[in-house]
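Please open the model in your viewer and keep the selection panel at hand. The stops below go from one selection to the next, with a word on what is there.

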Amino acid sequence: TQITGTAVATQAQMEAETANVVVAANLLKNSPGVAKGWCQIGGAGGLNSPSYNITSITDTDVGNRTIVWNTDFSGTIYVCVGAVNEDSAASNVCSYDTFAVGSVRHLTRQNGTLTDLASGSVAFGDQ
């Protein structure tokens, strides 16, 4: 691909980080170091807007939500990072398990007990 005589990276070059060429905006998402999805989940379990590459949030149970990706990951090896709203009187944490290509389970706990908490999540990996 050419943009006024300048070579533009292909998807394969972006994924491998092998070319020293210009990156087109629509291919930036293919870089390994770029977030593939992010969202903020309200305390009641709803998906706050805006979000990126998230189809929906399924509120499965207390402190247990499933994030459904709009574009699936290419496998089940990817990483999610999250945070919950601060509460100085409690120990709030979030964690992830059940990594599937199209979704991941997002858990929030307060003092070790599954609890519905407002939280944020971001994912990195190959899609």
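Select threonine 98, in this predicted model, and look at its backbone: the residue belongs to the hairpin of β7 and β8, which has five residues between the strands, and threonine 98 takes a positive phi near 55 degrees. Extend the selection to strand β7, residues 92-97, and to β8, and you will have two strands that run antiparallel and are joined by six bridges. Within this pair, aspartate 97 is the residue to centre on, since its place is opposite arginine 105 in β8.

Keep β8, residues 103-110, on display and add strand β5, residues 64-69, which runs antiparallel to β8 and is joined to it by five bridges. Here isoleucine 67 can be picked together with valine 104 of β8, which stands opposite.

Next, follow β8 to strand β9, residues 113-114, where two bridges join the two antiparallel strands. Arginine 109 faces leucine 114 of β9 across this pairing, standing opposite that residue. The two strands form a hairpin with two residues between them, and in the turn asparagine 111 is worth selecting for its backbone, as its phi is positive, at about 50 degrees.

Turn now to the cysteines. How many disulfides does the structure hold? The number is zero, and cysteine 39 accordingly takes part in no disulfide, the nearest cysteine sulfur being that of cysteine 80, 9.0 Å away. Because a disulfide requires sulfur atoms within 2.5 Å, the 9.0 Å between the sulfur of cysteine 80 and that of cysteine 39 is too far for a bond. With a surface display switched on, cysteine 39 counts as buried because its relative accessible area is 6%, which is under 20%, and cysteine 80, at 10% relative accessibility, is also classed as buried.

For the last stop, select serine 31, which is found in the loop between α1 (11-16) and β3 (37-41). Is serine 31 buried or exposed? Serine 31 is buried, with a relative accessible area of 13%, and, leaving aside neighbours within four places in sequence, it is in contact with Met14, Glu17 and Lys36.

Proline 32 lies in the loop between α1 and β3 as well, but this residue is partly exposed, with a relative accessible area of 38%. Not counting residues up to four places away in sequence, proline 32 touches Met14, Glu15 and Glu17. Finally, draw a C-alpha to C-alpha distance from proline 32 to glycine 125: the two are 93 residues apart in sequence, yet 6.4 Å apart in space.

Terms used:
Residues are numbered from 1 along each chain as its sequence is written. This is a predicted model: local features need pLDDT of at least 70, side-chain atom pairs count only at pLDDT 80 or more; totals for chains, interfaces and linings use all residues. Side-chain values use heavy atoms; hydrogens and water are left out. Helices (H or I, at least four residues) and strands (E, at least two) are DSSP runs, numbered from the N terminus. Buried means under 20% relative accessible area, exposed over 50%, partly exposed in between (1.4 Å probe, protein chains only). Contact means heavy atoms within 4.5 Å. Two strands pair if DSSP finds at least two bridges between them.
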